[in-house]
Each structure stands twice: as structure tokens, then as C-alpha cells.
Amino acid sequence: MDPVSEAPLAMAQFACVRSIPALILPGLTRERFLEWFRKNHPDLVIAHLQITVEWLKSIGVRVPKDIGYFNLNYTERLGPCAGLDLQPRRLGAVAVETVVGMMHRQERGVPQHPQTITLEAVWIEGPTVRPG
């Protein structure tokens, strides 16, 4: 057996939670991702790029049996997966409402006290994570 397929068995022997470093790169490549994966053996990949699922499958990792995956921006998915729907249409509607309100109040220029609008993302079930 290779280390990737042994990882779930090895991790099951530990009763503690371990910290895995995030992989943050200006340009993600298959080689860098798989190097990080083999070194860290995560239970779940949280990413923007669903191509990582294909990279895992290419080395024999079964999603979701061996590892889970969810997409941080469900609207950017390439295929069926679990993820977060950031509700871009709703966000756009709220942005328009905000600008229209500013126009009605005759607000001009850069606000003296800028505001931030945050909308909760919606969890979307999908075939890339095991049922809870």
C-alpha cells in the first residue's frame, strides 16, 4: 500500500486533532498540491479549485471515501460537489439597494464611515463529502 491509502488508518489511531498548514499559493499546480497532500494527509480539502478532486483521483484517492472536498464558492464549481453558495445574486441586489439608498440621501463621494455588508453563505450538500 502507498502512504496515501494508508493515511486514513494511520490517522484513526490518534485521538487528537492535528493542525494542517494551509496551502496558499499565487498559482496552484498539480505538483505542489499533491506534494502538500502527501505530506499532510488531510481528511478534507477546502478549496476554490475543484480540479484538485481530479488530481486526487489521478493518484488513486477516492472522494469522498478516502477524503472529503468542498468548494468555497459553489457557483464556481466544475461539477457536482458540496460547497458554500455565496449568493451572488442576492449580494448584487443588496449592493444595488445600498447605492440607491445613498442616492436618495444625496450622499456623494467616499463615505466618511464606510460600511460592510455581509451575507451568510448557504451550505450545499454534495457527493464530495460523506453524510454526517
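In the predicted model, T52 is buried, with a relative accessible area of 1%. This residue is placed in helix α3, and, when neighbours within four places in sequence are left aside, T52 is in contact with L28, F33, V45, A47 and Y69. Among these contacts of T52 are F33, V45 and Y69, and F33, V45 and Y69 are also listed with the residues that touch the most other members of the largest nonpolar core.

That core comprises 16 residues, of which F33, F37, V45, L56, I67 and Y69 touch the most other members. Two or more residues are contributed to it by each of α2 (30-40), β1 and α3 (51-58), and the largest share, four residues, comes from α2. In soluble globular proteins, nonpolar side chains tend to be buried together. The surroundings of I67, one of the core residues named above, can be described in further detail: apart from its neighbours within four places in sequence, I67 is in contact with F37, P42, D43, L44, V45, L56, V61, R62, T128 and R130. The contacts of I67 thus include F37, V45 and L56, which belong to the group of core residues that touch the most other members, and they also include the charged residues D43, R62 and R130.

The strands of the model are arranged in an open sheet of four, in the order β1-β2-β3-β4, with mixed pairing. Because β1 (44-47) and β4 (122-124) stand at the edges and each has a single partner strand, one side of each is left without a neighbour in the sheet. From one strand to the next, the twist averages 20°. At one edge, β1 pairs with strand β2 (residues 68-71) in the parallel sense over four bridges, and within this pairing I46 stands opposite F70 in β2. Strand β2 is in turn joined to strand β3 (residues 82-85) by two bridges, and these two strands likewise run parallel; here N71 stands opposite G83 in β3. The antiparallel sense is found between β3 and β4, which pair over three bridges, with D85 standing opposite V122 in β4.

Helix α4 (residues 88-104) has 17 residues and reaches 24 Å from its first C-alpha to its last, a span close to the 24 Å expected at 1.5 Å a residue. The helix is followed by Q106, whose phi is positive, near 55°.

Side chains of opposite charge can pair when their charged atoms come close, and two salt bridges are found in the structure. In one of them, the side chains of R105 and E107 meet with an N to O distance of 2.5 Å. The two partners fall into separate accessibility classes, since R105 is exposed, with a relative accessible area of 52%, whereas E107, at 36% relative accessibility, counts as partly exposed. In the other salt bridge, the side chains of D66 and R62 meet at 2.7 Å, N to O. Here R62 counts as partly exposed, at 45% relative accessibility, and R62 is also among the residues in contact with I67. The residue R62 is therefore partly exposed while being joined to D66 through a salt bridge and in contact with I67, a residue of the largest nonpolar core.

Conventions
Residues are numbered from 1 along each chain as its sequence is written. This is a predicted model: local features need pLDDT of at least 70, side-chain atom pairs count only at pLDDT 80 or more; totals for chains, interfaces and linings use all residues. Side-chain values use heavy atoms; hydrogens and water are left out. Two strands pair if DSSP finds at least two bridges between them. Axes are lines fitted to C-alpha atoms, for helices over the stretch in contact, and angles run from 0 to 180 degrees between N-to-C directions. The expected span of a helix is 1.5 Å times one less than its number of residues. A nonpolar core is a set of buried Ala, Val, Leu, Ile, Met, Phe, Trp, Tyr and Cys residues joined through side-chain atoms within 4.5 Å. Buried means under 20% relative accessible area, exposed over 50%, partly exposed in between (1.4 Å probe, protein chains only). Contact means heavy atoms within 4.5 Å. A salt bridge is a side-chain nitrogen of Lys or Arg within 4 Å of a carboxyl oxygen of Asp or Glu.
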